[in-house]
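Colleague: Could you walk me through this model, one question at a time? I would like to follow the reasoning behind each answer.

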There are 2 protein chains.
Amino acid sequence: MERDVYLQSAEAHCERLGCKLTALRRRVLELVLEYDGVVKAYQVLADLQKERGVAAPPTVYRALDFLVEQGLLHRVDALNGFVVCNHFECSHESLILVCEDCGRVEELDAGQGLAAVRDAAGAVAFNIKPQNLVLAGTCRACHA
Amino acid sequence: MERDVYLQSAEAHCERLGCKLTALRRRVLELVLEYDGVVKAYQVLADLQKERGVAAPPTVYRALDFLVEQGLLHRVDALNGFVVCNHFECSHESLILVCEDCGRVEELDAGQGLAAVRDAAGAVAFNIKPQNLVLAGTCRACHA
DNA sequence: TGTGTGATGTTATACAGTAACATTTGAGAC
DNA sequence: GTCTCAAATGTTACTGTATAACATCACACA
């Protein structure tokens, strides 16, 4: 999706959910969009500091948490990072593939793949909540 | 598995892999075994400090990393923690279920559940490497 | 008995995240 | 208009997580 279109959709998405994509949150989202793949909170913080002189961790963490909450970003626990979600419109479960070599990220809809996992958990009476799976591996380009 | 049996198997397991379960590594494993569920590195560090007076982070991280490498522990990224693996003998992929309420952990063999996920990744030419999935949810006891 | 390798010790620091409280801003009541 | 409340942002300080870099130790084996 193109950047401007994305931002516009993101704004509408927030509107629909009854919350606001404020200037700060929007700017943080833009900064994340400028990277390919996984971005660290402190990278965004550094970018923000370049623009505004000062910025403290809570500023960026609050914005990132908000964006995750609205489904615009996914958190990547294994890397303490964040990636843009390209289909926040549809409620979904994702399979996020992170290439160990180049750091690129691919995101798939994981609906049916996850069903088997969910069933396995159900078999021991464990309810897993909807969530995104982030897996490491090698991408098309790198495992050539 | 009973504690002593477990430790003995662990020792044999390391032997088989051509590495050593030294006194320190063994002690760290014992400390982790004393907890139910997820354990933090700094908890283990604190325990170690109680016993030995001094101990620095690298001491415990090195031991934990070793134990993860040999398959005796799994790392739980989402919680910055570690859990004991109860079937390190068989090479396996696990589904590790962490209860959000009580912190308990259940580990299943995830072989077939993961197959679907692996296929989905394969469809976009992405090779995911064998790994354990750690998922949050609620356990049998808690979602009553 | 040397010597090289892997394990451990030690110091310092980098990176990640949050608590607590102050200040600002903007929407709706009046 | 201005009051007021809630949500967002600013600010300070701190806690927690992890690793780099180098020193030392211990043991297998030449």
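**Strands, helices, partners and DNA**

Modeller: Let me start with a pairing: strand 2 of chain B and strand 3 (residues 81–84) of chain B run antiparallel and are joined over four bridges. Strands pair here if DSSP finds at least two bridges between them, and helices (H or I, at least four residues) and strands (E, at least two) are DSSP runs, numbered from the N terminus. Please keep in mind that this is a predicted model, where local features need pLDDT of at least 70, side-chain atom pairs count only at pLDDT 80 or more, and totals for chains, interfaces and linings use all residues. Residues are numbered from 1 along each chain as its sequence is written, while chains are lettered from A and ligands numbered from 1 in the order in which they are written.

Colleague: Which residue in strand 3 of chain B does B:Val76 stand opposite?

Modeller: B:Val76 can be looked up in strand 2 of chain B, which covers 73–76. Its opposite residue in strand 3 of chain B is B:Gly81.

Colleague: Which strands of chain B stand at the edges of the sheet?

Modeller: The sheet in chain B is open, has three strands with antiparallel pairing, and follows the order 1-3-2. Each edge strand has a single partner strand, so one side of each is left without a neighbour in the sheet; the edges are strand 1 (39–40) and strand 2 (73–76) of chain B.

Colleague: In chain A, which residue of strand 3 stands opposite A:Lys40?

Modeller: Chain A also has an open sheet of three strands, with antiparallel pairing and the order 1-3-2. Strand 1 of chain A is joined to strand 3 (residues 81–84) of chain A by two bridges, and they run antiparallel. Opposite A:Lys40 in strand 3 stands A:Gly81.

Colleague: How far apart are the end C-alpha atoms of helix 1 of chain B?

Modeller: The expected span of a helix is 1.5 Å times one less than its number of residues. Helix 1 (residues 3–17) of chain B has 15 residues, so it should span 21 Å. The distance between its end C-alpha atoms agrees: 21 Å.

Colleague: Which residue follows helix 1 of chain B?

Modeller: The residue there has a positive phi, near 80°. It is B:Gly18.

Colleague: What separates the centres of domain 1 and domain 2 of chain A?

Modeller: Chain A is divided into domain 1 (3–84) and domain 2 (94–137), with bounds from an automatic or database domain assignment. Their contact takes nine residues from each of the two domains; residues are in contact if their C-beta atoms, placed from the backbone, lie within 7 Å. Taken over C-alpha atoms, the centres are separated by 23 Å.

Colleague: What relation links chain A to chain B?

Modeller: Chain A superposes on chain B through a rotation of 179° with 0.0 Å of shift along its axis, at an RMSD of 0.2 Å. The fit is by least squares on the C-alpha atoms of residues with pLDDT of at least 70 in both copies. That is why the relation is that of a two-fold axis.

Colleague: Which element of chain A gives the largest share of the side that touches chain B?

Modeller: 28 residues of chain A are in contact with 28 residues of chain B. Elements that each supply at least two residues of the chain A side include strand 4 (94–99) and strand 7 (133–138) of chain A. The largest share, six residues, belongs to helix 5 of chain A.

Colleague: Which residue of strand 6 of chain B stands opposite A:Gly137?

Modeller: Strand 7 of chain A and strand 6 (residues 127–128) of chain B pair in the antiparallel sense, over two bridges. The residue opposite A:Gly137 is B:Ile128.

Colleague: Which element gives the most to the surface near DNA strand C?

Modeller: A residue is near a strand if its C-beta atom, placed from the backbone, lies within 6 Å of it. Of the 19 residues around DNA strand C, those that come nearest include A:Pro57 and B:Thr22. With five residues, the element that gives the most is helix 4 of chain B.

Colleague: And which element has the largest share of the surface near DNA strand D?

Modeller: DNA strand D is surrounded by 19 residues, and A:Thr22 and B:Pro57 are among the closest. The largest share is five residues, from helix 4 of chain A.
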